[in-house]
Amino acid sequence: MNHDASLSAPPRRTRGIVLLGLAALGVASALFALRGPLLMSAPRCMAGRWHGCFDTFNGVVLMTLVTVPLAVLVAWALARRRRAAGVAPAWRTSLAEVGMVHGTVPFLWLTLMPGAGAGVVPARVSLVPLRDLVTMGSLGIVGNLLVFASLGFFAPMRFAALASVPRILALGAGCSVLVETAQFVLRLDRVSSLDDVLVNATGAVLAGLASRRWWRTRAEAASDRPRPAPAPVG
């Protein structure tokens, strides 16, 4: 059995190295493609100016990338604290917590960013399914898929109660409904659309399926725990 385990370790390690390399290549390619817009907003962001940085798409994306090392440091500190307390799995839980926040807050910020007619233009609602998909365009659809992708990817890894596809779908749809309601109530010059809810929830589910190999084992372990016997009555 030890011999078989030693044989399976190198392929698993090689697979992890390949996935890490592909992720690094994808990030580098994205940075290369966005280098122009990001560098345009860099001076104002580095100067701490609100206008031109935190109220623009490029500025929010730039600050999200800049704070990645800080997010990794926070995850490391949480994992170290959990290891000292004997909590397992320390790294997976810590990364899930940081990933949910760092990957979701910027998209929520962009989604709730006021438009040019905020507070003036009447709130608009579109409740006809699939009607707004045509006007979204490919970029809009991809953006909506990513809004709650981090939440769908990491939440089941952190909370065993969310470790199922229907619950991830309910989580993505519920959070999206809250965002669309906030857009309507605050009159942010955005259309509160049913299609946004559908696409956001779909993105959460797809991301949850991508991390299924990590949260499925957690859900199985939680279901195998012995349940306390009911107390006798009388």
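**Exercise 1. Work out which helices build the lining of the second largest pocket, and what kind of residues they bring to it.**

Solution. In this predicted model, helices α4 (57-66) and α6 (90-111) each supply at least two residues of the lining of the second largest pocket. The next step is to ask which helix gives the largest share, and that is α6, with five residues. The full lining consists of Phe54, Val60, Met63, Thr64, Thr67, Val101, His102, Val105, Pro106 and Trp109. Sorted by class, this lining holds seven nonpolar and three polar residues, while no charged residue takes part. The space in the second largest pocket comes to about 190 Å³.

**Exercise 2. Describe the aromatic pairs of the model, and decide for each whether the rings are stacked, tilted or edge-to-face.**

Solution. A pair of aromatic rings is described by the distance of the centres and the angle of the planes. With centres required to lie within 6.5 Å, the count comes to two aromatic pairs. One of them joins phenylalanine 153 and phenylalanine 154, whose ring centres are 4.9 Å apart and whose planes stand at 70°; because an angle over 60 degrees counts as edge-to-face, this pair is edge-to-face. Phenylalanine 153 also pairs with tryptophan 214, where the centres are 6.1 Å apart and the planes are at 55°, so this pair is tilted. Phenylalanine 153 belongs to helix α8 (residues 149-158) and tryptophan 214 to helix α11 (residues 212-223), so the pair ties together parts that are 61 residues apart in sequence. Taken together, Phe153, Phe154 and Trp214 form one aromatic cluster.

**Exercise 3. For the residues of this cluster, decide which are buried and which are partly exposed.**

Solution. The cut-off needed here is that buried means under 20% relative accessible area. Phenylalanine 154 has 18% relative accessibility and therefore counts as buried. Phenylalanine 153, at 22%, counts as partly exposed, and tryptophan 214, at 30%, also counts as partly exposed.

**Exercise 4. Check whether the length of helix α10 agrees with its number of residues, and then look at its start and its buried residues.**

Solution. Helix α10 (residues 194-210) has 17 residues, which at 1.5 Å a residue should span 24 Å. The end C-alpha atoms of α10 are 25 Å apart, which agrees with that expectation. At the start of α10, a side-chain oxygen of serine 193 reaches to within 3.1 Å of the backbone nitrogen of aspartate 195. Finally, the buried residues of α10 include Asp195, Asp196, Val197, Val199 and Asn200, as well as Ala204, Val205 and Gly208.

Notes. Residues are numbered from 1 along each chain as its sequence is written. This is a predicted model: local features need pLDDT of at least 70, side-chain atom pairs count only at pLDDT 80 or more; totals for chains, interfaces and linings use all residues. Side-chain values use heavy atoms; hydrogens and water are left out. Rings of Phe, Tyr and Trp (its six-membered ring) pair if their centres lie within 6.5 Å; planes under 30 degrees apart count as stacked, over 60 as edge-to-face and the rest as tilted. Buried means under 20% relative accessible area, exposed over 50%, partly exposed in between (1.4 Å probe, protein chains only). Helices (H or I, at least four residues) and strands (E, at least two) are DSSP runs, numbered from the N terminus. On a 1 Å grid over the protein atoms alone, a cavity is a set of points where a 1.4 Å probe fits but cannot get out, and a pocket is an open set with protein on both sides within 12 Å along at least five of seven lines; lining residues have an atom within 4 Å of a point. Grid points are joined across faces, edges and corners, and a volume is the space filled by probe spheres set on the points. Ala, Val, Leu, Ile, Met, Phe, Trp, Tyr, Cys and Pro count as nonpolar, Asp, Glu, Lys and Arg as charged, and the others, Gly among them, as polar. The expected span of a helix is 1.5 Å times one less than its number of residues. A polar contact is a pair of N or O atoms within 3.5 Å; within protein, one must be able to donate a hydrogen and the other to accept it, and residues adjacent in sequence count only if both atoms are side-chain atoms.
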